[in-house]
Amino acid sequence: MRAQFVLSEIGVGLRRNLTMTFAVIVSVALSLALFGGALLMREQVSTMKDYWYDKVNVSIFLCNKTDAATAPKCAKGAVTAQQKEQIEADLKKMDIVEDVHHESADEAFKHYKEQYSDTAIASVITPDQMQESFRVKLTDPEKYKVVATAFAGRDGVESVQDQRNILQNLFDLMNGMNIAALCVMGLMLVIALMLIVNTVRVSAFSRRRETGIMRLVGASSFYIQMPFIMEAAFAGLLGGGVACVMLLVGRYFLIDHGIALAEKMQLVNFIGWDAVLAKLPLVIAIGLLMPAVAAFIALRKYLKV
């Protein structure tokens, strides 16, 4: 009987404040969709870092005859065979070095021709202008500076480059988008909480006579407050459900179909459905608990029983 009464009161409250309830659902859905999207964006950046950092190398470019005439770091002349042997031996002694590959000038020129064969600059570079290099794979790509400190400025070395820098701008952009999404999410969350408080306030005011009678017949404060809390929780649950649908539809159209980024950007390792599904319970839980807690706090001020 009590459960039936609570459910009937929830229905009455939702019907009386239909427009405000709809506004709560929309604001909660948008804020939680942005929250879930920010979590997925962070996981996407992490996935891409793990994927690409495992493939990039540290490149140690050696001086050639052209560099000896133009580059200040190669003022002592082109790299000698003894210097190359010493550099390779020192690299292999380092614990953080997993693999060392020497690329000759001829190999570098061949790769250059393969990459730019269809462009106008294909004939600009000659084989003698290409630099020899050591491609160094590290056990931990974050320790690039150890290699840079050890070899930058050494005789025969023109430069030490970390290929991660090529990707860092992309990661910085994605992190910036993630922060922007979190800021918008925070704003939408504040709006949702304000709407929840106002909805509870209006609902409590419109039913002040009923709650007064319930108090006179001995109903507890928790029993009187329960319909209002459940109304807010139900609206938040609907908003969380809408947010989950938005995340699933967004993943489907952005990556698999529609825009189909997975086909257009095959070099990018996108997050899978398991990552999206793992975030849905958290979105639902927040959508359910956040309005309920906000309503409970609001009732202590606006529902004097």
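User: Which residue of β3 stands opposite Phe61?

Analyst: This is a predicted model, and in it Phe61 stands opposite Ser133 in β3. Phe61 also has a bridge partner in β4, namely Ser159.

User: How do the strands that hold these residues pair, and over how many bridges do β1 and β3 join?

Analyst: Four bridges join β1 to β3, and the two run antiparallel. With β4, β1 pairs in the antiparallel sense over five bridges.

User: In what order do the strands lie in the sheet?

Analyst: The order is β2-β3-β1-β4, in an open sheet of four strands with antiparallel pairing. The edges are taken by β2 (97-103) and β4 (157-162), each with a single partner strand, so one side of each has no neighbour in the sheet. On average, neighbouring strands are turned by 15° against each other, direction ignored.

User: What joins the edge strand β2 to the sheet?

Analyst: Six bridges join β2 to β3 (residues 133-138), and these two strands run antiparallel. As an example of residues facing each other, Asp99 stands opposite Lys137 in β3.

User: Which helix packs on the sheet, and which strands does it touch?

Analyst: Helix α6 (residues 144-151) packs there, touching β1, β3 and β4. The direction of α6 makes about 175° with that of β4.

User: Back to β1. How many of its residues are buried?

Analyst: A residue counts as buried when its relative accessible area is under 20%. By that cut-off five of the five residues of β1 are buried, and the strand is mostly covered. Val58, Ile60 and Leu62 point one way from β1, while Ser59 and Phe61 point the other way.

User: How should I read a helix such as α4? Which of its residues are buried?

Analyst: Start with the length. α4 has 13 residues and reaches 19 Å from its first C-alpha to its last, close to the 18 Å expected at 1.5 Å a residue. Then look at burial: the buried residues of α4 are Ile87, Asp90 and Leu91. Seen down the helix axis, these buried residues fall within an arc of 100°, so they line one face of α4.

User: What covers the buried residues of α4, and which residues are exposed on the other side?

Analyst: The cover includes β1, β2, β3, α6 and β4. On the other side of α4, the exposed residues are Ala81, Gln82, Glu85, Lys92 and Lys93.

User: What is a disulfide, and which cysteines form one here?

Analyst: A disulfide is a covalent bond between the sulfur atoms of two cysteines. Here Cys63 and Cys74 form a disulfide, with their sulfur atoms 2.0 Å apart. Cys63 lies in the loop between β1 (58-62) and α3 (65-70), and Cys74 in the loop between α3 and α4 (81-93), so the pair ties together parts that are 11 residues apart in sequence.

User: Is that disulfide left-handed or right-handed, and why?

Analyst: The torsion about the S-S bond of Cys63 and Cys74 is about -75°, so the disulfide is left-handed.

User: Which cysteines are buried and which are exposed?

Analyst: Cys63 and Cys74 are both buried. Cys244 is buried too, with a relative accessible area of 8%. Cys183 counts as exposed, because its relative accessibility is 52% and the cut-off for exposed is over 50%.

User: How do I look at a single buried residue? Where is Ser31, and what is it in contact with?

Analyst: Place the residue in its element, check its accessibility, then list its contacts. Ser31 is found in helix α2 (residues 18-53). Its relative accessibility is 1%, so Ser31 counts as buried. Leaving aside neighbours within four places in sequence, Ser31 is in contact with Met185, Met188 and Leu189.

User: What do the same steps give for Ala108?

Analyst: Ala108 is found in helix α5 (residues 105-116). Ala108 is buried, with a relative accessible area of 8%. Leaving aside neighbours within four places in sequence, its contacts are Glu103, Met130 and Gln131. Ala108 and Met130 are 22 residues apart in sequence, and their C-alpha atoms are 6.4 Å apart in space.

User: And for the protein as a whole, how many helices and strands are there?

Analyst: The protein has 11 helices and four strands. Of its 305 residues, 40% count as buried. Among contacts between residues at least 6 apart in sequence, 81% join residues at least 24 apart.

Definitions and conventions:
Residues numbered from 1 in each chain as written. Predicted model: local features only at pLDDT ≥ 70, side-chain atom pairs only at ≥ 80, totals over all residues. Heavy atoms only, no water. Disulfide = S-S within 2.5 Å. Buried < 20%, exposed > 50% of the residue type's maximum accessible area, 1.4 Å probe, protein only. Pairing = 2+ DSSP bridges. Axes fitted to C-alpha atoms, helices over the stretch in contact; angles between N-to-C directions. Contact = heavy atoms within 4.5 Å. Expected span 1.5 Å × (residues − 1). Arc of directions from axis to C-beta.
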